[in-house]
There are 2 protein chains.
Amino acid sequence: MKVFHYRDVKAEDVTEEGAEKIKIRWLIDERIGAENFFMRMFEIEPGGCSPLHSHPWEHEIFILEGEGVVIGKDGERKIGPGDVIFIPPNEIHQLKNTGNSLMRLLCLIPKSGKQTR
Amino acid sequence: MKVFHYRDVKAEDVTEEGAEKIKIRWLIDERIGAENFFMRMFEIEPGGCSPLHSHPWEHEIFILEGEGVVIGKDGERKIGPGDVIFIPPNEIHQLKNTGNSLMRLLCLIPKSGKQTR
């Protein structure tokens with residue numbers, strides 16, 4: 001068993017094109033023994049966003065704090081703390097922080113999503 | 001894409017032997033299209049606990065609120081908001097709310113963990 005605080009994991013800049021003011025912490029991945037799926041935390045500053053993109057793996061997202069929008073094929077939708085988002089494989093998506101404070105969220109992916117990042 | 005608040009998902013009693021004052025919300029599972037891993041929220045009242053057990057699948061846990069302990073093969077450890085726990089397959093474990101307020105946490109499992117519950 002591994003127990004640690006999320007702050008003990010380094011926040012790294014997301015460098016993919018289209019990413020702005022967004023950092024990632026790889027909380028649970030193959031380095032601590034996970035074999036099926038991985039837990040990451042994203043921190044998006046006000047005005048920041050994830051890239052508008054799609055990929056062959058799904059996202060399972062939980063919004064921890066902050067206010068923003070999620071953009072998908074059917075337009076955009078407001079999101080805030082306690083919201084849950086499931087993004088199926090190959091669906092275009094983007095997260096934006098439209099509020100005045102840090103947006104923090106968990107975003108989990110299957111193992112296949114890390115091999116191609 | 002599916003977007004909803006966790007409160008929109010019913011909290012069900014956990015009825016496994018050894019479970020006390022604990023409810024589960026199946027936030028993301030096969031019913032909304034997840035094929036690889038599932039997101040659940042557990043809510044444990046003060047004095048409540050999950051069963052002391054082990055099983056062939058892992059847990060990826062994030063503590064949202066409340067104070068408690070996680071019990072494993074090496075004893076018990078305090079946990080609180082922002083803590084991350086990885087429990088490998090077949091390792092014995094139990095979560096207890098030792099505080100005075102509700103303990104709320106996310107616990108994700110691979111698909112294989114639901115087929116045998």
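Of the 117 residues of chain A, 42% count as buried. The model is predicted. Chain A holds one helix and ten strands, and chain A meets chain B through a contact that takes 34 residues from each of the two chains. A turn of 180° lays chain A on chain B.

**Fold of chain A**

- Ten strands come before the helix: from the N terminus on, the order of elements is β-β-β-β-β-β-β-β-β-β-α.
- With a radius of gyration of 14 Å, against the 13 Å that the globule rule gives for 117 residues, chain A is as compact as a globular protein of that length.
- Along the principal axes, the C-alpha atoms of chain A fill a box of roughly 40 × 30 × 25 Å.
- Among the contacts in chain A with a separation of 6 or more, 64% are between residues 24 or more positions apart.

**Contact between chains A and B**

- The contact is made by 34 residues from chain A and 34 residues from chain B.
- On the side of chain A that touches chain B, at least two residues come from each of these elements: strand 1 (2-5), strand 3 (20-28), strand 4 (37-49), strand 5 (59-65), strand 6 (68-72), strand 7 (75-79), strand 8 (83-87) and strand 10 (103-110).
- Strand 8 of chain A gives the most to this side, with five residues.
- Sorted by class, the side of chain A that touches chain B has 21 nonpolar, six polar and seven charged residues.

**Strand pairing across the contact**

- Strand 1 of chain A runs antiparallel to strand 8 (residues 83-87) of chain B, and four bridges join the two strands.
- His5(A) has Asp83(B), in strand 8 of chain B, as its bridge partner.

**Symmetry**

- Two copies of a chain are related by a rotation about an axis and a shift along it.
- Here the rotation is a turn of 180° and the shift along the axis is 0.0 Å, and chain A is then laid on chain B with an RMSD of 0.0 Å.
- This turn and shift give the relation of a two-fold axis.
- Phe37(A) has the C-alpha nearest the axis in chain A, at 3.5 Å from it.
- Both copies use the same surface, since 100% of the contact residues of chain A recur in chain B.

Notes
Residues are numbered from 1 along each chain as its sequence is written. Chains are lettered from A and ligands numbered from 1 in the order in which they are written. This is a predicted model: local features need pLDDT of at least 70, side-chain atom pairs count only at pLDDT 80 or more; totals for chains, interfaces and linings use all residues. Two residues are in contact if their C-beta atoms, placed from the backbone, lie within 7 Å. Ala, Val, Leu, Ile, Met, Phe, Trp, Tyr, Cys and Pro count as nonpolar, Asp, Glu, Lys and Arg as charged, and the others, Gly among them, as polar. Two strands pair if DSSP finds at least two bridges between them. Copies are superposed by least squares on the C-alpha atoms of residues with pLDDT of at least 70 in both. The radius of gyration is taken over C-alpha atoms; the globule rule is 2.2 Å times the number of residues to the power 0.38. A residue is buried if 20 or more other C-beta atoms lie within 10 Å of its own, exposed if 12 or fewer, and partly exposed in between; C-beta atoms are placed from the backbone.
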